[in-house]
Amino acid sequence: MLTLRGRSKVVGLALAALLSLTGCSAALPGLTITAQRTPFTASAQAGPSEPASLKQMDQALEQIYQDVSPSVVNITVKVAAQGIQQPQGQYQFPNLPGRPQAPNLPPVEPARPQFRYGEGSGFVWDSAGHIVTNNHVVDGAEEVTVTFADDTVATATVVGTDPASDLAVLKVDASADKLHPVTLGDSSQVQVGEHVAAIGNPFGLSGTMTSGIVSAIGRVLPQNPQSAAPGFSIPDIIQTDAAINPGNSGGPLLDGSGTVIGVNFQIESSSGSNDGIGFAIPINTAQQVIPELIKSGHVEHAWLGIEGRTVTPDLAKALDLPVGQGAQVISVVKGGPADQVGLQGSDKQATVEGQNVPAGGDIIVAANGQAVHKMEDLITIVTHHAVGDRLDLTVRRGSETEHVTVTLGARPTQVPQSDSTNP
């Protein structure tokens, strides 16, 4: 489970991520299933003349658990520990001239590799034995073991990983009666206040269910800082107050009808445990990524190739910017898509409240006709496009308005250096 500390300040004020993420614009056919109204959703949506029944909600949650828990698995990984490997056995000192000869000791055994173990959650994707989890759950794993709800244990192989969306696919060789694929929902229909449930293995306690509501939608969170490209971000995140703790990573977030609307992956916490704010990758993103991982083991993500920040009214006033909202280009990756069409990054410094900040640079105010009020808007727009798609940008450059069309490229696996001296 990834734990974020101080993320809100970083996301809101610091330089936003190099634009990234997947570029499929539509869900794959046959995967999205329309949720039906159940006693759980009916009671949650009851009006004044239709009082909610706690018993109905209890029964609905019980039914969801019975239906979905056979699809949720516990994942155990074995990872080589970092650091010095200690030799095993006794050390044999050499015989020195004039010293008594040391007794014959057994030869020194070679250093043995040391390992650490971790746990996470996952769920059955299809009847072919594919299991979905988070990339950070299996990252660097030398061995992966899957335990089903009935305690059946199977060895898993990693089929594909995608650090950009923090998703991964495993494959197990299990009998058909062990494989119960989940039902997929439509995360674009999720609303704040909607009741949700999470099933997983927090702290290794398998088969644990928690419930709560969707507390926010459309969050943009930084990628795992330990990944190959930590400067990128993941958009469209679902926020929930359903208790999510270490070990829940990779497990499903379910709506009131028991369909999967997200993959749990991070928490906001000062303690390392649940503080009432958890995050899930939307299932629509998974529906774009997982089939590609199954097919080829990797996913290409659309990329604009800039580093930027949100223009706020206060920042605009302090820097005398021509607009009070938008995404300011701080730096442009040399040779990247934005550089090829002449987008310009910051070329000077200014002092704002005693701090040096980048000044100048283009301000993107619209993309393909959609208004860009903040950097997160631009990240989300790029996410919804594919490599090779054309993006029409409206740009304020000083007092002038420019229109440029950029062809989105394939995002590199590591954050490249920009042609700007600004961070």
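Biologist: What makes K78 count as a charge over the ring of F115?

Modeller: In this predicted model, the charged end of K78 is 4.2 Å from the centre of the F115 ring. The cut-off for such a pair is 6 Å from the ring centre, together with an angle within 35 degrees of the ring normal. K78 sits over the ring, so the term applies.

Biologist: Why is R411 said to lie over the face of F232?

Modeller: R411 is at 3.7 Å from the ring centre of F232. For Arg the atom that counts is CZ, and the limit is again 6 Å, so the value passes.

Biologist: How many aromatic pairs does the structure hold?

Modeller: The count is 0. A pair would need ring centres within 6.5 Å.

Biologist: What makes β2 and β5 a pair of strands?

Modeller: Two strands pair if there are at least two bridges between them. Strand β2, residues 72-80, and β5 share 6 bridges in the antiparallel sense, so they qualify. In this pairing, N74 stands opposite T147 of β5.

Biologist: How do you know that β5 and β6 pair as well?

Modeller: By the bridge count, which is 4, with the strands antiparallel. The minimum is two, so this is a pair too. One of the bridges joins T145 to T155 in β6. The two strands form a hairpin with 5 residues between them.

Biologist: Is T147 buried or exposed?

Modeller: T147, in strand β5, has a relative accessibility of 18%. Buried means under 20%, so T147 is buried.

Biologist: Which residues is T147 in contact with?

Modeller: Beyond neighbours within four places in sequence, T147 is in contact with V73, N74, T152 and V153. N74 is also the residue opposite T147 in the strand pairing.

Biologist: What is noted about the phi of D151?

Modeller: Phi of D151 is near 75°, a positive value, and the residue is not glycine. D151 lies in the loop between β5 (141-147) and β6 (153-162), in the turn of the hairpin.

Biologist: Why is D151 called exposed?

Modeller: Its relative accessible area is 61%. Exposed means over 50%, so D151 meets the term.

Biologist: Where is F203, and what is its phi?

Modeller: F203 is in the loop between β8 (195-200) and β9 (208-222). Its phi is near 55°, a positive value in a residue other than glycine. At 51% relative accessibility F203 is above the 50% limit, so it counts as exposed.

Biologist: Why is G324 called partly exposed?

Modeller: G324 has a relative accessibility of 32%. That value falls between 20% and 50%, so neither the buried nor the exposed label fits. G324 is found in the loop between α6 (313-319) and β16 (326-332). Outside the residues up to four places away in sequence, G324 touches V311, T312, P313 and A316. Its C-alpha is 8.8 Å from that of H373, a residue 49 positions away in sequence.

Biologist: What makes helix α8 mostly covered?

Modeller: In α8, residues 375-383, 9 of 9 residues are buried. Among them are M375, E376, D377 and T383. Each is therefore under 20% relative accessible area.

Biologist: What makes the largest nonpolar core a core, and how many residues has it?

Modeller: The term requires buried residues of the listed nonpolar types, joined through side-chain atoms within 4.5 Å. The largest such set has 26 residues, and F123, I283 and I290 have the most contacts inside it. At least two residues each come from α3 (54-68), β7 (167-172), β10 (233-240), β12 (260-268), β13 (278-282) and α5 (283-296). The largest share, 5 residues, is supplied by α5. A second core, separate from this one, has 23 residues and includes L304, A338, L391 and L408. In soluble globular proteins, nonpolar side chains tend to be buried together.

Biologist: Which residues does I290 touch?

Modeller: Leaving out residues up to four places away, I290 touches W125, V132, L167, A168 and V169.

Biologist: And what are the totals for helices, strands and buried residues?

Modeller: The protein has 8 helices and 23 strands. Of its 423 residues, 47% are buried. About 20100 Å² is exposed, with carbon and sulfur atoms supplying 50% of that area. Among contacts with a separation of 6 or more, 69% join residues 24 or more positions apart.

Methods. Residues are numbered from 1 along each chain as its sequence is written. This is a predicted model: local features need pLDDT of at least 70, side-chain atom pairs count only at pLDDT 80 or more; totals for chains, interfaces and linings use all residues. Side-chain values use heavy atoms; hydrogens and water are left out. Buried means under 20% relative accessible area, exposed over 50%, partly exposed in between (1.4 Å probe, protein chains only). Contact means heavy atoms within 4.5 Å. Accessible areas come from the Shrake-Rupley method with a 1.4 Å probe; for residues, only the protein chains shown count as cover. Rings of Phe, Tyr and Trp (its six-membered ring) pair if their centres lie within 6.5 Å; planes under 30 degrees apart count as stacked, over 60 as edge-to-face and the rest as tilted.
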